[in-house]
Amino acid sequence: MQDRPTSVELLEAAAEFVDREIVPAIEGARQFQARVVANVMRIVAREIQLEDPAVRLEVKALARLLGLEAPHLHSLDDLRKASASMGKTLSTRILAGEADSGAWRAEVLAAVRQNVENKLRIANPRYPRERYRDAQILTE
């Protein structure tokens, strides 16, 4: 691991180079593909910056919904695994009809919505700014 430039800085610089030097020099399908490559680099950079806090929030929310104590996990890989496992449990309960009505339904909908919005922020920085006022990922 290097101090500078960071992986995010490298990805952003490479994306900027593709946009500035490559895209204008080519046409048609190759130009489109170059734009896609630059966009993918920017998504990966945002994921590096935002995925850990987003997954931590997701694990906390899922634990709360399932009546579990939030696990104290440190690695992103462990957080992803915990999220996937609790997500399967939540899905099973939803399919069983437990979220069809009542207060728990509202909690489930709010948690799922927040998780989807956090993922959209990583995929697309132009995700509607008015949604950011509710953005846990940016405030916690």
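Entry 1, the Glu117 pairs. In this predicted model, I looked up Glu117 and Arg113 and noted that they lie about one helical turn from each other, because they are four residues apart in helix 4. I then checked their side chains, which form a salt bridge with the closest N and O atoms 2.9 Å apart. Of the two partners, Glu117 is buried at a relative accessible area of 5%, whereas Arg113 is partly exposed at 44%.

I followed Glu117 to a second partner, Arg121, and found another salt bridge, here with 3.7 Å between the closest N and O atoms. Glu117 and Arg121 are also four residues apart in helix 4, so about one helical turn separates them, and I recorded both of these residues as buried.

Entry 2, the helix itself. I took helix 4 as residues 103–123, a run of 21 residues that reaches 31 Å from its first C-alpha to its last, close to the 30 Å expected at 1.5 Å a residue. I listed its buried residues, which include Trp104, Val108, Ala111, Asn118 and Ile122.

Entry 3, salt bridges elsewhere. My search of the whole structure returned eleven salt bridges. I opened the one between Arg42 and Asp19, whose side chains meet at 2.7 Å, N to O; this pair links distant parts of the chain, with Arg42 in helix 2 (residues 28–66) and Asp19 in helix 1 (residues 7–22), 23 residues apart. I noted Arg42 as partly exposed at 25% relative accessibility, and Asp19 likewise as partly exposed, with a relative accessible area of 27%. Tracing further, I found that Arg42 and Asp19 belong to a network of salt bridges that also links Glu16, Arg20 and Glu21.

Definitions and conventions: Residues numbered from 1 in each chain as written. Predicted model: local features only at pLDDT ≥ 70, side-chain atom pairs only at ≥ 80, totals over all residues. Heavy atoms only, no water. Expected span 1.5 Å × (residues − 1). Buried < 20%, exposed > 50% of the residue type's maximum accessible area, 1.4 Å probe, protein only. Salt bridge = Lys/Arg side-chain N within 4 Å of Asp/Glu carboxyl O.
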